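Let's take a walk through this chain, starting with how its helices sit against one another and then stepping back to the whole. Keep the viewer open and turn things as we go.

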Amino acid sequence: MNDVLKRYEDKMKKTLAALEDGFALLRTGRASAALFDKIRVDAYGAKSPLKEVANISIPEARLVVIQPWDKALLGEIEKAILTSELSLNPSNDGKLIRISIPPLTGDRRKEIVKQAKAQAEQARVAVRNIRRDGNDELKKLLKDGGLTEDEESKASSELQKLTDIYIGKVDKTVKDKEKEIMEV
């Protein structure tokens, strides 16, 4: 019974981690190296993650500096950033790329908050689906004789407690992200 609860708690932890990873990709008006995690660069005939071909640093709150390990990749990195969904304008000086992160408008902030809330709702649904799957497994164990009714009831109650805890964590995470996005 405990291994069932542990397995489903691990799934809930992964759901929360996936939400946090998704939030790292949302622009907040502040520079962040995580913004560039999904960018792939054509390097030596293969698509490589940007962080594997260059050093990404944040010297100021609204400035990103990308220094490739091979200067020959400057053009490819610039092209990858321009064609990404980030809507950023890189400046290439022949040695490194500077990207100034423009401040977000009020409307854009609201749009990003809406995206964050949608991602949070998906995470809540995923946590509830995990609970449902866990309850289904517990009922199957009860039916097969692997659990008594009391054990199944107790495990189901524990699973509900875990669900409440993780939904609370999702709510706190989205509230913190909303505060960060709306910060001017």
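To talk about helix packing we need axes: here an axis is a line fitted to C-alpha atoms, for a helix over the stretch in contact, and the angle between two axes runs from 0 to 180 degrees between N-to-C directions. Bear in mind that this is a predicted model.

With that in hand, find helix α1, residues 2–24, and helix α4, residues 106–143. Their axes come within 10 Å and cross at roughly 170°. Since angles over 145 degrees count as roughly antiparallel, α1 is roughly antiparallel to α4. What lines the contact of α1 with α4? Sorted by class, its residues are 13 nonpolar, four polar and five charged.

Now bring in helix α5, residues 149–182. The axes of α4 and α5 also come within 10 Å, with a crossing angle of roughly 170°, and these two helices are therefore roughly antiparallel to each other. The contact of α4 with α5 contains 16 nonpolar, five polar and 11 charged residues.

How do the helix lengths check out? For α1, 23 residues at 1.5 Å a residue should span 33 Å, and the end C-alpha atoms are indeed 33 Å apart, which agrees. For α5, with its 34 residues, the distance from first C-alpha to last is 49 Å, close to the 50 Å expected at 1.5 Å a residue.

Next, which residues of α1 are buried? They are V4, L5, Y8, M12, T15, L16, L19, G22 and F23. As you read down that list, it helps to remember that an α-helix has 3.6 residues a turn, so residues three or four places apart point the same way. The buried residues of α1 pack against α4 and α5.

The list for α5 reads E152, A155, L159, L162, T163, Y166, I167, V170, T173, V174, K177 and I181. Notice that E152 and K177 are among these buried residues. The buried residues of α5 pack against α1 and α4.

For a close-up of α4, click on N135, which is found in that helix. Is N135 buried or exposed? With a relative accessibility of 15%, it counts as buried, because the cut-off for buried is under 20%. Leaving out residues up to four places away in sequence, N135 touches S156 and L159. You've met L159 already, as one of the buried residues of α5.

For a contrast, head over to the loop between β1 (40–43) and β2 (46–49), where you'll find Y44. What is odd about its backbone? Y44 has a positive phi of about 55°, although it is not a glycine. Its relative accessibility is 63%, so Y44 counts as exposed.

Finally, zoom out. The chain has five helices and six strands, and from the N terminus on they run α-β-β-α-β-β-α-β-β-α-α. What about overall shape? The C-alpha atoms fill a box of roughly 70 × 40 × 25 Å along the principal axes. The radius of gyration is 22 Å, whereas a compact globule of 184 residues would have one near 16 Å. Buried residues make up 38% of the 184 residues in the chain. Of the contacts between residues at least 6 apart in sequence, 63% join residues at least 24 apart.

How values were computed:
Residues are numbered from 1 along each chain as its sequence is written. This is a predicted model: local features need pLDDT of at least 70, side-chain atom pairs count only at pLDDT 80 or more; totals for chains, interfaces and linings use all residues. Side-chain values use heavy atoms; hydrogens and water are left out. Helices (H or I, at least four residues) and strands (E, at least two) are DSSP runs, numbered from the N terminus. Angles under 35 degrees count as roughly parallel, over 145 as roughly antiparallel, 65 to 115 as roughly perpendicular and the rest as oblique. Ala, Val, Leu, Ile, Met, Phe, Trp, Tyr, Cys and Pro count as nonpolar, Asp, Glu, Lys and Arg as charged, and the others, Gly among them, as polar. The expected span of a helix is 1.5 Å times one less than its number of residues. Buried means under 20% relative accessible area, exposed over 50%, partly exposed in between (1.4 Å probe, protein chains only). Contact means heavy atoms within 4.5 Å. The radius of gyration is taken over C-alpha atoms; the globule rule is 2.2 Å times the number of residues to the power 0.38.
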